[in-house]
There are 2 protein chains.
Amino acid sequence: MSSSFAPLKNDSFLRACLRQATDHTPVWLMRQAGRYLPEYCATRAKAGSFMGLATNVDFATEVTLQPLERYPLDAAILFSDILTVPDAMGLGLSFAQGEGPKFAKPLRDEQAVAKLEAPDLDKLRYVFDAVRSIRKALDGRVPLIGFSGSPWTLACYMVEGAGSDDYRLVKSMLYSRPELMHRILSINAQAVTAYLNAQIEAGAQAVMIFDSWGGVLADGAFQEYSLAYTANVLSGIKRAGADGQTVPRIVFTKGGGLWLEQMDKLDCEVLGLDWTMNLGKARQLVGHSKALQGNIDPNVLFAPQKVIESEVLKVLKSFGKPHTDLDQPGPTHIFNLGHGISQYTPPDHVSALVQAVHHHSKLLRA
Amino acid sequence: MSSSFAPLKNDSFLRACLRQATDHTPVWLMRQAGRYLPEYCATRAKAGSFMGLATNVDFATEVTLQPLERYPLDAAILFSDILTVPDAMGLGLSFAQGEGPKFAKPLRDEQAVAKLEAPDLDKLRYVFDAVRSIRKALDGRVPLIGFSGSPWTLACYMVEGAGSDDYRLVKSMLYSRPELMHRILSINAQAVTAYLNAQIEAGAQAVMIFDSWGGVLADGAFQEYSLAYTANVLSGIKRAGADGQTVPRIVFTKGGGLWLEQMDKLDCEVLGLDWTMNLGKARQLVGHSKALQGNIDPNVLFAPQKVIESEVLKVLKSFGKPHTDLDQPGPTHIFNLGHGISQYTPPDHVSALVQAVHHHSKLLRA
């Protein structure tokens, strides 16, 4: 089925993922389809709720493509949420107005953990249908990225039942009942692997694992409870899509800069970085084996456009001399924010950022 | 006046700060006088409010000493709040029930920033009076640590007007109007220096700068907007107390592990670390010039006591072989949490932690 998709017109993102030279630094933005866009808010209003938006194939397709209509971005990312997976496990996801996500049935005791199972993928069919629909609607303009939360990040929400600022409940379980935590993480790893493979089968051309809360763990605990399960997922992900093309795998651990040398051993193509990490230092540490994605502070987008341009240039220069040899792989950079874009971002400022990335990254290659 | 204080009976903390050998690893806990202690809650109820507690010399003395009655801690820390300084600058601090701190007059525009001045120290006299009173009440049991927020961390609260999860307002100012941000930080640095010096004159035997929000800055911005102003404060702090003793200076940047090599150049004696940093790696990087303080995850305190003991041992071992040569300085470790203790901590569990630090750190020296 996927082999019937249109040929790709802009492969700069996929090439950079594979450490191949490109004529500019490709750019996309985490949460690029989101509340900062008035057209997104209009579609969401039609859908009635966040989950109404995410579970409707037409709406999900529409909002995924909205940022591409405004900006010459080099990749699209599936519009969805990392919490679809625990929702399909029966934890009862809801998004109350003006608040973050909530689970009606968080995992708080041995009984709840014992009952946990990897979800029937049929309950997530709306996601795979959306991937197929978006890929078709993209018509080869840019590649489509699928994604999932990491086993650990999903476990944070599943145990806390909502966002947290101290991770007290999930860490209490981790330290007090490590065997329960390992059970949750094993099931999550199995679920995430199947979920990403189904996205790949449906047409995702790259996949990204969001380890948004890996950085809250202590040294030692990160390796055991987050990194090991991310590695487990990576070992089970299909290496090629239905069209036979290699599907690059991106791992983003927010706050993971301290563990970069250990993340270098992950069997993936790209490491995402937040704004605390110096890109030049990251390139020295892991640029021989991984492409790097990131890492401008999303708050730069609140500055005047000429500041945005100079901050973009700083990030491009911090990565260093672009790789230009077409005959062999080398260190490559995919421009992105260091975290999701803020809902308060002025849409014009995103134009300035994307333009600056394309313009200056070409000049740096000249 | 300070020279009339009783001689110090337990100097393990001060020795470790100066990289001198001790027979055990000294331990104290950030926010050790706090809401997890029922006796603290009782005193706070008498005081009526958090600021009622902090501004009353007798209450502040009472709560500072409470954890020492329960646990054989090796240092006391002044009971106060980092926001006393901006409060004295006229920003109007309040603590609403069940919420964090709020400023009635946050710094949001050029006019507000133009009017900002370093505070009249007389408005902070209650802090210095508390230092004197606590030092006297301690009667030489353990040394007393004074403290302040870092210029950047204070600026976060002063611009945001409250806690934040995205630091959008303060970073918008930083990127859009860097000259305003530098003005705030210069004034804060001047204020913090005078504030810490007055604490030293009143009897503080060590001082700590809490750069609690340094870690939210981008690489590059951290060096310019946080580290440089911390360095500025350090350059102005008195090197000796009224009794002629060296006053060690501790700098704690939460999330600062990535910048440790740059922090090594700070003119201070101790670097505090959060739980994401491997202590052994930190010792390799900066242990030749700085003592290290930290760094167990406060959530370990929710685990059963035998887990607390094994996690304490892990942290002690991650630092590595204790320095035991009495004739010369060497790498030393002061045990602490990686962040403030949670209000939900069972008090008994703190006993287990302190005991485990003392017991195992002695065994590791044997």
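Biologist: In which helix of chain A is Val57(A) found?
Modeller: This is a predicted model, where local features need pLDDT of at least 70, side-chain atom pairs count only at pLDDT 80 or more, and totals for chains, interfaces and linings use all residues. Residues are numbered from 1 along each chain as its sequence is written, and chains are lettered from A, ligands numbered from 1, in the order in which they are written. Helices are DSSP runs (H or I, at least four residues) numbered from the N terminus. On that numbering Val57(A) belongs to residues 57-70, helix 4.

Biologist: Is Val57(A) buried, exposed or partly exposed?
Modeller: A residue is buried if 20 or more other C-beta atoms, placed from the backbone, lie within 10 Å of its own, exposed if 12 or fewer, and partly exposed in between. Because Val57(A) has 17 other C-beta atoms within 10 Å, Val57(A) is partly exposed.

Biologist: Which element gives the most to the side of chain A that touches chain B?
Modeller: Contact here is two C-beta atoms, placed from the backbone, within 7 Å. The elements giving two or more residues to that side are helix 14 (305-319) and helix 9 (168-176) of chain A. The most, five residues, comes from helix 9 of chain A.

Biologist: What relation do chain A and chain B have?
Modeller: Copies are superposed by least squares on the C-alpha atoms of residues with pLDDT of at least 70 in both. A turn of 180° and a shift of 0.0 Å along the axis lay chain A on chain B with an RMSD of 0.0 Å. That is therefore the relation of a two-fold axis.
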